[in-house]
Amino acid sequence: MARPISIKFPFQRTQDGGVFDTNKTTDEAIRADLISLLTTKRGHRVMRPRLFSPIFDFLMEPWDEISDSELREQLLDKIDEFMEGLIEVKKIIFELQDDGNTLRVEIVYVLLQLGGVTDGVELFVPLAEKD
């Protein structure tokens, strides 16, 4: 049986003993860490105030080329700060969904420690609260 590396994110219950399911491979752990970084709002990690996703700073803002460029730059900076040496981002795609209130964020990256294996994550972030 493989030894656990970290807790799976998003949190999942386990039937193998313990409370949370765990990542058992490096690629699972890195993916979970990236999702955790991308979904952490400013101020949620009190002891690590720099650990947050800039995505949430763009909520309630109009989406245009300037927002696209600024968010892309800020995301790359955050990923470099917290995941340096683990991944290299190859592509970031922002796509405003048909409802006009949801931003699809896709990040494609290379796992540097696993010989260049490519992986990716996809998030759907509401840009405005619904009435």
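Me: At 38% relative accessibility, does Glu95 count as buried, partly exposed or exposed, and what is it called in this predicted model?
Reply: Buried would need a value under 20% and exposed one over 50%. Glu95 has a relative accessibility of 38% in this predicted model. So Glu95 counts as partly exposed.

Me: Which side chain does Glu95 meet in a salt bridge at 3.9 Å, N to O?
Reply: The cut-off for a salt bridge is 4 Å between the nitrogen and the carboxyl oxygen, and this pair comes in at 3.9 Å. The partner of Glu95 is Arg104.

Me: OK, and is Arg104 buried or exposed?
Reply: Its relative accessibility is 13%, and anything under 20% goes down as buried. So Arg104 counts as buried.

Me: Which residues are linked with Glu95 in a network of salt bridges?
Reply: Arg104 turns up again here, since the network includes the residue whose side chain meets Glu95. The others linked in are two glutamates. That gives Arg104, Glu106 and Glu122.

Me: Over to Glu81: how far apart in sequence are the parts that its pair with Arg50 ties together?
Reply: The closest N and O atoms of Glu81 and Arg50 are 2.8 Å apart, and the two form a salt bridge. Glu81 lies in helix H2 (residues 65-83), while Arg50 is in the loop between helix H1 (26-38) and H2. So the pair ties together parts separated in sequence by 31 residues.

Me: Glu81 also meets Lys78 in a salt bridge; which helix holds both?
Reply: Their N to O distance is 3.8 Å. They sit three residues apart, about one turn of the helix, and that helix is H2.

Definitions and conventions:
Residues numbered from 1 in each chain as written. Predicted model: local features only at pLDDT ≥ 70, side-chain atom pairs only at ≥ 80, totals over all residues. Heavy atoms only, no water. Helix = DSSP H or I, 4+ residues; strand = E, 2+ residues; numbered from the N terminus. Buried < 20%, exposed > 50% of the residue type's maximum accessible area, 1.4 Å probe, protein only.
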